[in-house]
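Thank you all for coming; I would like to spend a few minutes on one structure, taking a buried contact to begin with, then the empty spaces inside, and a short helix to finish. Please have the sequence and the model open as I go.

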Amino acid sequence: MPPVDLRARAGARSHVSAAVGGIGGRAAVVAHLGADESNREITADVGELLEAAVRTALEKRLPIVGFVSATGPDVAGGVTSVHGWGIAARALVSASGVVPILLCVTGPMLSGPALLLGIADLVVMVDDGYAFVSGPAMVEQFTGVPVAAEDLGGSAVHAARSGVASLVVADHGAGGAAVGELLRFLPPHVDEIPERLPTDDPPDRATPELAEVIPASAAGGYDVRAVLESVADDGAVTELRAGWAPNLVTALAAVDGHPVGMVANQPQHLAGTLDIAASQKGARFVSFCDAFNLPIVTFVDTPGFQPGKDLEWRGMIRHGAQLAFAYAAATVPRICVTLRKSYGGAYIVMDSRCMGNDMAFAWPSAEIAVMGAKGATEILHREADPSERAALEDEYAERLLNPYRAAERGSVDAVIDPADTRREVAEALALLSSKREEIPGNRHGNTPL
């Protein structure tokens, strides 16, 4: 596609340019903001240019890619400079869910303009980039505690603590490569499905290695990413927000060439329980996949929601509901594979049948129940002595903690051999490739933000 220049009008004080071009072999509207290190202030002109770039992306139905760095509104420009990033924000919101929005932070991203990162679908940060709404001086003035810029909003902070950064890379060049890699999995706009990716990996490849994944001990941990890599084409998995809420894994991959989003509980961290951050992470990713027609494959191994007074006070109800809301609202093909534990409320929100999944599989090691045997026995048989409880726990586990009871009731479509996991997922994706749901006429639901 020939480049279309959208450069800012003459006299714009901040360096900004945008053009229709290519990145990673994909056409996109690519904007560069703040490439001139001596001049990274946002003006009204900059906002209008970015608005024009978004308008062009919507007209041509192309992804928006921005390489951005800004020190905030131009103080000398007065309130109109504040309008600059507000104009850009409104434009990006109009494109949200219509075309993919990917931003790469190449330097500082400060003050109000930093909020643009929260609107983007995916954010890549270079190692020495940083972003915050209120800077170190203001933080020290307000709290009395000095803090360095990198400790307040460096890439490591946004990768592990805030969840703003989807990926962190070494430099600008690596940022461009990362953006190109992410675009491979995405369609150009909401009305298309992602292109199939080339692979020589047979869809019916057996995965016998998965039979050894689940530890003998019910409390044993393992790295669920091994499951994702075995199922994915060529073992290639692009994990997003890996450092934030590591008790839940979210990743892009392909199965038989079909780009998919993968969600998995991670028993290595917090035993795979769901807390506030994991619920937010999962909900945002599921909503993103649903917006851009990426089928969702969910791998379940969780004993439930993480208990704690602090979590409840901070809104576990609201944030846990975000994950339920996202799955229940998703209309893309959805496949759920229960690996081991799937208890109580966490069972429901991890794309259970009652939440509307299309295909539900379970390994023979799956335990689908209200709770584990120990907790259930303590409730059901409070008066039993310790020796009786042990026998009652074994009886409860044998009778209820298996996937066959769930299969009898239709909550699971099939109990599968772990060695057949890739084949079953690939066949389900092929079967569901023509799935289409009629979207209700209301503009959107009132998600529990």
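Let me begin with a pair of side chains, that of Arg 422 and that of Asp 233, which make a polar contact with each other at 2.9 Å. I should say at once that this is a predicted model, and that the distance, like every value I mention, is computed from it. Arg 422 is found in helix α16, which covers residues 421-432. Is Arg 422 buried or exposed? Its relative accessible area is 0%, and because buried means under 20%, Arg 422 counts as buried. If we set aside the neighbours within four places in sequence, the residues in contact with Arg 422 include Asp 201, Pro 202, Pro 203, Arg 205 and Thr 207, and also Ser 230, Val 231, Ala 232 and Asp 233, along with Val 255 and Asp 256.

Now to the empty spaces. Rolling a probe the size of a water molecule over the atoms shows where empty space is left. How many cavities of 30 Å³ or more does a search of the whole structure find? There are 3 of them, and the largest holds about 150 Å³ of space. Its lining is made up of 14 residues, and those that lie nearest the centre are Ala 31, Leu 50, Ile 64, Leu 92 and Leu 103. Two or more lining residues come from each of β3 (26-33), α1 (44-60), β5 (64-70) and α2 (79-95), with β5 giving the most, namely 4 residues. In terms of class, this lining has 12 nonpolar residues and 2 polar ones, and no charged residues.

The second largest cavity, with about 70 Å³ of space, is lined by 15 residues, of which Cys 336, Thr 338, Tyr 347, Ser 352 and Ser 411 lie nearest its centre. Strands β15 (334-343) and β16 (359-362) each supply at least two residues of that lining, and the largest share, 3 residues, comes from β15. Here the lining divides into 8 nonpolar, 5 polar and 2 charged residues.

Finally, a word on helix α4, residues 136-143. How many of its 8 residues are buried? The number is 0, so α4 lies largely in the open. The residue that follows α4 is Gly 144, and its phi is positive, near 80 degrees.

Key
Residues are numbered from 1 along each chain as its sequence is written. Side-chain values use heavy atoms; hydrogens and water are left out. On a 1 Å grid over the protein atoms alone, a cavity is a set of points where a 1.4 Å probe fits but cannot get out, and a pocket is an open set with protein on both sides within 12 Å along at least five of seven lines; lining residues have an atom within 4 Å of a point. Grid points are joined across faces, edges and corners, and a volume is the space filled by probe spheres set on the points. Ala, Val, Leu, Ile, Met, Phe, Trp, Tyr, Cys and Pro count as nonpolar, Asp, Glu, Lys and Arg as charged, and the others, Gly among them, as polar. Buried means under 20% relative accessible area, exposed over 50%, partly exposed in between (1.4 Å probe, protein chains only). A polar contact is a pair of N or O atoms within 3.5 Å; within protein, one must be able to donate a hydrogen and the other to accept it, and residues adjacent in sequence count only if both atoms are side-chain atoms. Contact means heavy atoms within 4.5 Å.
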